[in-house]
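Q: Could you show me how to read a structure like this, one feature at a time?

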Amino acid sequence: MLAGHHLLSLVIWVPILSGVLVLATGSDRQAVLARILALFGALAGLFVAWPLYTQFNVQTADMQFTEFSSWIPALNINYHLGVDGISMPLMLLNSFTTVLVVIAGWRVIQNKVSQYMAAFLIMSGLINGMFAALDAMLFYVFFEAMLIPLFLVIGVWGGPRRVYAAIKFFLYTLLGSLLMLVAFIYLFFQCNGSFEILDFQALPLSLPVQILLFIAFFMAFAVKVPMWPVHTWLPDAHVEAPTGGSVVLAAITLKIGAYGFLRFNLPIVPDASHYMAGFIITLSLIAVVYIGLVALVQSDMKKLIAYSSISHMGFATLGIFLFNTLGMEGALVQMVSHGFVSAAMFLSVGVMYDRLHSRQISDYGGLAKVMPVFAAFFMLFSMANVGLPGTSGFVGEFMVIMAAMKVNFWYAFLAAITLILGAAYTLWMYKRVVFGDVVRDEVAKLRDLVPREFFMLAVLAVLVLGMGLYPLPLTEIMHSSVNNLLAHVAQSKLP
Amino acid sequence: MNFSVRDLMPMLPEIFLLAATCFILIFDLFLSDRRRHVTYLLTLAALLGCGWLSFATMTGSTVTYTMHGMFVDDLLSGTLKLMLYVTVAAVLVYSRQYLHKRGMFRGEFFALLLFATLGMMVMISASSFLTLYMGLELLSLSLYALVAMQRDSALAAEASMKYFILGALASGMLLYGMSMIYGATGTLDITQIGLLLQAGVGNSTVLAFGLVFIVAGIAFKLGVAPFHMWVPDVYQGAPTAVTLFIGTATKLAAFAFVIRLLAQGLVALAGDWQQMLVILSVLSMAIGNITAIAQTNLKRMLAYSTIAHMGFLLLGILAASIDGYSSAMFYVVAYVITGLGSFGMIMLLSRRGFEADKLEDLKGLNQRNPWYAFLMLLLMFSLAGIPPTIGFYAKLAVLQAVVNAGYTWLAVVAVMFSLIGAFYYLRIVKLMYFEAPVDTHDIRPALDMRVLMGVNGLAVLALGILPQALMSVCLYAVEQSL
């Protein structure tokens with residue numbers, strides 16, 4: 001194997017270095033070169049990430065592909081990498097999304113192409129690093145560094161209120177993560193000078209301390225998920241970001257929050273997690289139901305999908321804090337599925353936006369007549385967003401609702417409401433955009449998908465259907481890690 | 001009282017610099033304006049000579065006292081001096097073009113700069129209150145003159161006046177405090193004082209009184225709230241070349257000043273000064289970060305940012321441990337590197353008759369020149385403390401020391417204020433990247449400046465990715481000297 005023992009390093013650094021290379025192409029006169037290099041970089045990133053899947057050992061819950069070398073001995077920070085069944089699928093999702101983003105921005109981005117492409121490639125590498133980090137400070141470095149390219153992407157290539165959205169996004173996420181930094185430093189001393197996440201997980205802590213730590217972690221990750229009521233940055237950022245930015249935000253960065261819960265909150269402070277579970281579940285259900293209602297009244301398609309993302313991520317957090325295998329696996333499946341579905345939805349809106357430069361539902365109508373192929377794809381993705389059986393959206397939601405039913409009937413009842421709400425807002429939007437008569441002349445002149453767009457939506461369609469019909473490869477990967485995590489969480493860490 | 005030439009060996013760099021400065025001062029008189037660059041090169045050569053001497057006489061772990069214990073040569077002084085030379089040399093390179101275009105490329109500038117440097121070297125190596133004060137005054141007097149160098153600028157005159165009066169007041173306070181400590185212990189020697197106080201000598205009321213005045217003096221010189229009033233005016237009013245010098249090089253000396261006084265002399269009173277530093281530090285972070293938001297002048301904004309950073313620096317000191325001091329040293333070095341770049345960028349963007357010192361002058365820099373915008377982006381994120389830049393590790397090391405000292409709440413307060421601070425650094429990035437340029441002049445700096453700027457900006461990133469070497473230098477220097 002070409003990668004040897006440095007597979008994870010490759011997965012992190014190949015995109016980052018290709019990003020730097022793309023950046024070096026400089027001005028827009030070399031835009032074509034920048035695009036081609038970026039595509040190669042993204043494909044190379046996916047290529048080096050693929051062995052993570054093929055060589056993954058599904059039998060064990062241990063960290064795999066581990067790498068360890070000393071980084072900053074003065075502070076005992078190590079370059080320690082490894083993946084388990086929870087982080088590996090997310091890394092693949094991330095590497096895959098990067099390819100899509102590069103393709104999606106191929107024609108649309110004409111201004112500072114090299115910077116745009118480089119930002120996404122570098123961000124992709126940083127996110128991979130974050131998922132792979134087993135050293136808390138290494139995690140933190142990637143976690144924060146990732147904000148810089150995303151901040152620039154929203155602010156430079158975004159819509160009219162991009163500046164507000166970018167700064168809000170940055171400060172919101174920084175607020176949470178700074179408290180987490182203090183929590184890490186505190187744990188460092190409790191662990192006798194170690195930043196190893198696995199050492200943190202083994203450390204006994206009293207309940208009041210656990211609760212404070214839980215709050216610090218919660219602040220960092222709840223903002224990322226985002227959970228109600230700290231979700232307000234998301235609609236702004238989503239709406240103003242360019243299509244690629246929205247895709248990465250929805251498909252990847254939202255998963256970081258949920259991943260953080262799984263990697264930090266649950267195993268490091270299990271007693272506090274149980275103690276606070278009711279609170280988190282309440283917030284999740286509010287997100288699922290209330291945000292679903294908010295989505296119903298949106299007139300801007302991107303905003304609608306953004307709210308729908310918050311609502312769907314509510315499922316993920318709900319599943320995580322039910323503390324049973326079904327719920328947690330459901331949450332993970334939901335996360336991956338949402339990665340595909342939300343990416344597809346945002347790309348579809350991007351396809352429309354590139355043609356008409358409007359995101360308002362009311363500006364469309366009758367697309368089925370002028371763009372039939374697109375309408376068919378959009379239909380499929382809308383159904384997946386609703387959670388129709390046979391699509392990937394169904395699997396995760398169904399698992400979480402079943403798991404909720406085991407715990408409390410009302411949880412399941414409220415969570416199930418979202419299936420109705422989701423159907424309502426998604427299909428209503430679909431109806432208004434795609435069906436009906438062509439009212440506006442501009443719409444009548446629209447052209448159907450070009451091959452580039454067709455390719456990108458077709459790949460996603462295959463994945464959405466594939467996951468919906470046969471989710472076993474995914475759940476199989478997660479199974480050992482999830483069971484191990486649950487066993488760990490079930491044990492009290494009180495001294 | 002035996003005296004041998006060998007006693008002078010530890011202060012060889014100072015002696016050399018004094019001689020070199022006097023030589024440059026006189027030699028410059030015989031140069032025509034066209035030949036002024038010879039002075040500039042001689043100044044750099046003098047710094048290089050100092051660097052060689054300091055490096056050659058570096059003693060490792062032995063601490064050498066000379067002049068009857070008034071002057072100390074230890075690893076901390078050696079390391080700080082070497083950093084000082086590099087900083088001053090960088091200041092010179094950054095300022096060359098700027099001074100030329102403003103008619104300030106004159107012998108006095110270089111002589112004053114070298115005298116100020118000498119003052120700082122004396123401060124760094126001081127082992128007696130008297131030496132410390134002497135170095136401080138040599139530095140301050142040179143700075144007052146430097147700030148007023150631009151004779152036709154009313155702002156500069158005002159800044160210089162304000163600096164002088166407040167500086168004199170601070171010196172007075174410091175002296176008053178020192179005299180009280182002297183009264184209580186009967187000696188001016190810092191090491192002696194340390195030992196005597198450990199042994200419990202001295203009336204505690206007098207000591208506490210003296211300590212308050214000394215801490216107030218330190219606070220004045222560092223520019224931390226509530227003694228920060230001079231900082232914004234001086235930073236804004238002084239020619240940017242001088243602001244660059246005040247904003248970077250003097251911070252190294254100020255660090256040594258604090259270490260010599262608090263960590264070496266008055267360490268037995270740590271319980272008292274820790275409380276005072278907590279207040280100073282929280283106030284500075286609050287005032288610095290919040291007031292900076294309202295600024296429209298870049299130099300003034302960076303001045304408030306300095307106040308906040310010095311507050312953060314005090315956090316490391318107040319941990320009162322080897323880790324704390326070394327983290328503070330790392331912090332100050334990180335700040336100096338970043339500050340050099342930030343003020344350097346203002347000079348790089350300035351031209352004849354135009355100061356690029358307003359925030360809007362940075363608008364659209366990414367379109368005018370993506371490379372400089374990227375460097376400034378790194379510098380700003382470093383000031384904000386976002387990884388992977390050096391500023392993050394500086395903050396991390398200090399926070400770690402603070403938490404270890406049992407002040408977890410203080411760490412939480414500190415990170416909350418850095419969140420507020422992040423806003424105005426982000427605003428700069430926003431101006432550079434998200435807005436269209438108003439100023440469309442070409443940016444054509446000289447080659448030396450271009451190279452230095454690139455090295456400086458990338459150092460912020462490189463030292464952020466691999467901070468270990470610098471961190472261990474700081475740790476080792478502090479460990480061997482205290």
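**Reading the model**

Q: Let's begin with a loop: where does A:Asn76 sit?
A: A:Asn76 is in the loop between E1 and strand E2 (77-83) of chain A. Helices (H or I, at least four residues) and strands (E, at least two) are DSSP runs, numbered from the N terminus. This is a predicted model, in which local features need pLDDT of at least 70 and side-chain atom pairs count only at pLDDT 80 or more, while totals for chains, interfaces and linings use all residues. Residues are numbered from 1 along each chain as its sequence is written, and chains are lettered from A and ligands numbered from 1 in the order in which they are written.

Q: What is the sign of phi at A:Asn76, and is A:Asn76 buried, partly exposed or exposed?
A: Its phi is positive, near 55 degrees, in a residue other than glycine. For burial, count other C-beta atoms, placed from the backbone, within 10 Å of a residue's own: 20 or more is buried, 12 or fewer exposed, and in between partly exposed. A:Asn76 has 17 such neighbours, so it counts as partly exposed.

Q: Which element holds A:Phe65, and what is its phi?
A: A:Phe65 belongs to strand E1 (residues 64-72) of chain A. Though not a glycine, A:Phe65 has a positive phi of about 55 degrees. A:Phe65 counts as buried because it has 22 C-beta neighbours inside 10 Å.

Q: Which peptide bonds should I check for cis geometry?
A: Look at omega. The bond joining A:Val225 and A:Pro226 is cis, with omega about -15 degrees, and the bond from A:Trp228 to A:Pro229 is cis with omega near 5 degrees. A:Pro226 is in the loop between helix H9 (207-224) and helix H10 (233-240) of chain A, and A:Pro229 is found in the loop between H9 and H10 of chain A.

Q: How do I read a helix such as H20 of chain A, and how far does it reach?
A: Compare its span with the expected one, 1.5 Å times one less than its number of residues. H20(A), residues 451-469, has 19 residues and reaches 26 Å from first C-alpha to last, close to the expected 27 Å. Its buried residues include A:Met456, A:Leu460 and A:Met467. They line one face of the helix, because the buried residues fall within an arc of 130 degrees seen down the axis; the arc is that of the directions from the helix axis to the C-beta atoms. The face turned away from the buried side carries the exposed A:Pro451 and A:Val462.

Q: How many residues does each chain give to the contact between A and B?
A: Two residues are in contact if their C-beta atoms, placed from the backbone, lie within 7 Å. Chain A brings 26 residues and chain B brings 27 residues. On the side of chain A, the largest share, 15 residues, comes from H7(A).

Q: What surrounds B:Ser95?
A: B:Ser95 lies in helix H3 (residues 75-101) of chain B. B:Ser95 is buried because 26 other C-beta atoms lie within 10 Å. Leaving aside neighbours within four places in sequence, B:Ser95 contacts B:Ala241, B:Leu244 and B:Met347. B:Thr240 is 145 residues from B:Ser95 in sequence but 8.2 Å away in space, C-alpha to C-alpha.
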